[in-house]
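Got the model open in your viewer? Let's walk through it one selection at a time.

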Amino acid sequence: MKEKLYRFMVGRNGNDELNRFLLLVCVIFMLPAMFFSKSIAGRLLTPIALVLLGLTYYRMFSKNLLRRAEENGRYLMLRGRIRSMFRVKKEQWVQRKEYKFFVCPACKTTLRVPKGRGKIKIVCRKCGNSFMGKS
Ligand SMILES: [Zn+2]
């Protein structure tokens with residue numbers, strides 16, 4: 001049986017990070033759908049979860065490895081961007097008592113200024129643009 005499954009999966013995509021994420025979303029949609037199966041929301045969530053489950057299996061058994069790797073790569077890049085955004089926000093929250101954060105109006109770079117210096121001229125290190133801000 002194990003040998004048969006192994007032979008079946010040769011040359012197929014198998015499980016990757018995007019599939020794990022899709023399965024997680026599928027479970028998240030399935031649970032309320034099970035408990036509130038009579039409500040409209042419950043009835044709407046079930047087909048969405050089933051489509052996601054189908055997509056997961058399609059990706060798992062797909063032999064178009066290049067395309068699946070591209071999709072997975074795009075997912076990983078997006079996930080990395082979202083995680084890094086949360087990391088920066090968390091870091092700003094930790095430093096909120098000592099520093100004030102400004103966004104450069106020209107290049108949108110986040111700038112950190114020590115708090116309690118009054119109204120100061122802030123110069124962007126990236127583009128050299130300067131603007132006034134209250135620290
Ligand atoms: Zn700038």
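## Stop one: charged pairs on the helices

Start by selecting Glu 70 and Arg 67, whose side chains meet in a salt bridge, 4.0 Å from N to O. Both sit in helix α4, and being three residues apart there puts about one helical turn between them. Check the surface too: Glu 70 is partly exposed at 41% relative accessibility, and Arg 67 is partly exposed, also listed at 41%. While you're here, add Asp 16, Arg 59, Arg 68 and Glu 71 to the selection; salt bridges with shared partners join them into one network.

A word before going on: this is a predicted model, so everything on this tour is read from predicted coordinates.

Next, pick Glu 17 and Arg 79. Their closest N and O atoms are 2.9 Å apart, and they form a salt bridge. This one links distant parts of the chain: Glu 17 belongs to helix α2 and Arg 79 to helix α4 (residues 65-94), with 62 residues separating them. Glu 17 counts as partly exposed at 29% relative accessibility, and Arg 79 is partly exposed as well, with 24%.

Now jump to helix α1 and select Glu 3 and Arg 7, another salt bridge, at 3.6 Å from N to O. The two are four residues apart in that helix, about one turn. Glu 3 is partly exposed at 49%, whereas Arg 7 counts as exposed at 57%. How many salt bridges does a search of the whole structure find? The total is seven.

## Stop two: along α1 and α2

Stay with helix α1 and colour residues 2-9. How many of its eight residues are buried? Zero, so to speak a helix that is hardly covered. Just after α1, click on Gly 11, which has a positive phi near 80°.

Move on to helix α2, residues 17-35. Select Arg 20 in this helix; at 45% relative accessibility it counts as partly exposed. Add Thr 56 and draw a distance between the C-alpha atoms: the two residues are 36 apart in sequence and 8.3 Å apart in space.

Then show Val 27, Leu 31, Met 34, Phe 35 and Phe 36 as a surface. Together they make a nonpolar patch of about 570 Å². Leu 31, which lies in α2, is partly exposed, with a relative accessible area of 42%.

## Stop three: the zinc site

Zoom to the zinc ion. Which residues hold it? The protein donors are the SG atoms of Cys 104, Cys 107, Cys 124 and Cys 127, at 2.2 to 2.4 Å from the ion. The angles among the four donor atoms run from 106 to 114°, and the site is tetrahedral. For reference, the ideal angle for four tetrahedral donors is 109.5 degrees. Along the chain, the donors follow the spacing C-x2-C-x16-C-x2-C.

Focus on Cys 104 and Cys 124, a pair linking distant parts of the chain, 20 residues apart. Cys 104 is in the loop between β1 (99-103) and β2 (110-114), and Cys 124 is in the loop between β3 (119-123) and β4 (130-134). Are these two buried or exposed? Both are buried.

## Stop four: two hairpins

Show β1 and β2 as a cartoon. They run antiparallel, joined by five bridges, and Tyr 99 has Pro 114 in β2 as its bridge partner. Six residues lie between the strands of this hairpin, and Lys 108 in the turn has a positive phi of about 65°. That is a positive value in a residue other than glycine. Lys 108 is also exposed, with a relative accessible area of 59%.

Look at both faces of β2: Leu 111 and Val 113 make up the covered one, while Thr 110, Arg 112 and Pro 114 are on the uncovered one.

Now do likewise for β3 and β4. These strands pair in the antiparallel sense over five bridges, and Lys 119 has Lys 134 in β4 as its bridge partner. This hairpin has six residues between its strands, and Gly 128 takes a positive phi near 85°.

Last click: Ile 122 in strand β3. At 4% relative accessibility, Ile 122 is buried. Draw one more C-alpha distance, from Ile 122 back to Gly 11: these residues are 111 apart along the chain and separated by 57 Å.

Terms used: Residues are numbered from 1 along each chain as its sequence is written. This is a predicted model: local features need pLDDT of at least 70, side-chain atom pairs count only at pLDDT 80 or more; totals for chains, interfaces and linings use all residues. Side-chain values use heavy atoms; hydrogens and water are left out. Donors are N, O and S atoms within 2.8 Å of the metal (3.2 Å for Na, K and Ca); water is not among the atoms, so sites may look incomplete. Four donors count as tetrahedral if all angles lie between 85 and 135 degrees; four count as square planar and six as octahedral if opposite donors are over 155 degrees apart and all others between 65 and 115; anything else is irregular. Buried means under 20% relative accessible area, exposed over 50%, partly exposed in between (1.4 Å probe, protein chains only). Two strands pair if DSSP finds at least two bridges between them. Patches are made of residues with over 30% relative accessible area and no salt bridge: like charges are joined within 9 Å, nonpolar side chains (Val, Leu, Ile, Met, Phe, Trp, Tyr) within 5 Å. Accessible areas come from the Shrake-Rupley method with a 1.4 Å probe; for residues, only the protein chains shown count as cover.
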